[in-house]
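Me: I would like to learn how to read a helical model feature by feature, with the general idea stated before each case. Could we go through one together?

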Amino acid sequence: MNDLKNSSNKTKAAFVLLIVMVVILLSNFNSLQNSKKANENINAIHNDRLVVARYIFIYANDLHSIKAKALQEGISDSNKKAFITTALQHIHSIDKLYLKTVLTPNEKISFVSFLASCSAIEIESQNNSWSQIIHSSNQALEALELLSKIQIKEGKSKLASSNAVHRDNTIFGELQIALLAVLGGIALYLLIVKKKKIKVKIPESPSMN
């Protein structure tokens, strides 16, 4: 009867251990998935937001240079055209890099608007329409301002997602520690706590001496 009871206790303990191990494995798997998401978010912040912010800064500098050159007096139209053409070539050299990044729908619209303004500047430069170049440059800068706001918004979104993943990993880490403590307690129970065996002492037969 005692053997049956001991066997039942061992079965229960083994079942609890199995459940704890399964929960730990699932928790571990979830933590790995969360780490993968966090890594993707960090890469997205760098590749699609920080790098793009640098492109926007370069675009803005070139546009301000174009505006300054269009307003400059005392230089020939041919010199203005040559400078603006070089600046636009520099702008377009970055376009392919920009388009390789992940663009949101709103970002695509603003970027197309920016490219359209740059095309307008090119045509207006050929026609010596310097006042129109100022207007088109301002439109291009407005499109860049919208693009910059999108970078900030998307960057904050990715950062919030990474923080949420970090919180989840912390919770699951604490859960694993608690489960391991339970696992250790059960192991100690199985190793240290023993049932006292009841021994029945058979009285010796009386001596005949």
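**Reading helices, burial and ring pairs**

Reply: We can begin with a residue to hold on to: Val112 lies in helix H3, where helices (H or I, at least four residues) and strands (E, at least two) are DSSP runs, numbered from the N terminus. This is a predicted model, in which local features need pLDDT of at least 70 and side-chain atom pairs count only at pLDDT 80 or more, while totals for chains, interfaces and linings use all residues. Residues are numbered from 1 along each chain as its sequence is written, and side-chain values use heavy atoms, with hydrogens and water left out.

Me: How many helices and strands does the protein have?

Reply: There are four helices and zero strands, so that, read from the N terminus on, the order of elements is α-α-α-α. A contact means heavy atoms within 4.5 Å, and among the contacts with a separation of 6 or more, 82% are between residues 24 or more positions apart.

Me: What share of the residues counts as buried?

Reply: Buried means under 20% relative accessible area, exposed means over 50%, and partly exposed lies in between (1.4 Å probe, protein chains only). By that rule 30% of the 209 residues are buried. The protein exposes about 14,500 Å², of which carbon and sulfur atoms supply 62%; accessible areas come from the Shrake-Rupley method with a 1.4 Å probe, and for residues only the protein chains shown count as cover.

Me: What span does H3 reach from its first C-alpha to its last?

Reply: The expected span of a helix is 1.5 Å times one less than its number of residues. H3 (residues 105-126), with 22 residues, reaches 32 Å, close to the 32 Å expected. H2, with 23 residues, reaches 33 Å and is likewise close to its expected value of 33 Å.

Me: Which residues of H3 are buried?

Reply: The general idea comes from the helix itself: an α-helix has 3.6 residues a turn, so residues three or four places apart point the same way. In H3 the buried residues are Glu107, Ser110, Phe111, Phe114, Ser117, Cys118, Ile121, Glu124 and Ser125. They lie on the same side of H3 because they cover an arc of only 140° around the axis, the arc being that of the directions from the helix axis to the C-beta atoms. On the other side, Pro105, Ile109, Val112 and Ile123 are exposed.

Me: Where do Val112 and Glu107 fall on the accessibility scale, buried or exposed?

Reply: Val112 is exposed, with a relative accessible area of 55%, whereas Glu107 is buried, at 0% relative accessibility. Leaving aside residues up to four places away in sequence, Glu107 touches Arg49, Val52, Tyr98, Val102, Leu147, Ile150 and Gln151. For C-alpha separations, Val112 and Ala143 are 31 residues apart along the chain and 8.9 Å apart in space, while Glu107 and Leu144, 37 residues apart along the chain, are separated by 9.8 Å.

Me: What follows H3?

Reply: H3 is followed by Asn128, a residue in the loop between H3 and helix H4 (130-192). Its phi is near 60°, a positive value in a residue other than glycine, and at 31% relative accessibility Asn128 counts as partly exposed.

Me: How many aromatic pairs does the whole structure hold?

Reply: A pair of aromatic rings is described by the distance of the centres and the angle of the planes. Rings of Phe, Tyr and Trp (its six-membered ring) pair if their centres lie within 6.5 Å, and planes under 30 degrees apart count as stacked, over 60 as edge-to-face and the rest as tilted. A search of the whole structure finds six such pairs. One of them joins Tyr55 and Tyr98, tilted, with 6.3 Å centre to centre and 40° between the planes. This pair links distant parts of the chain, Tyr55 in helix H1 (residues 2-71) and Tyr98 in helix H2 (residues 77-99), 43 residues apart. Both Tyr55 and Tyr98 are buried. The rings of Tyr59 and Phe114 are also paired, with centres 4.6 Å apart and planes at 45°, so this pair is tilted. Here Tyr59 in helix H1 is linked to Phe114 in helix H3, 55 residues apart, and both Tyr59 and Phe114 are buried.

Me: Which residues do the ring pairs link into a cluster?

Reply: The cluster consists of Tyr55, Tyr59, Tyr98, Phe111 and Phe114.
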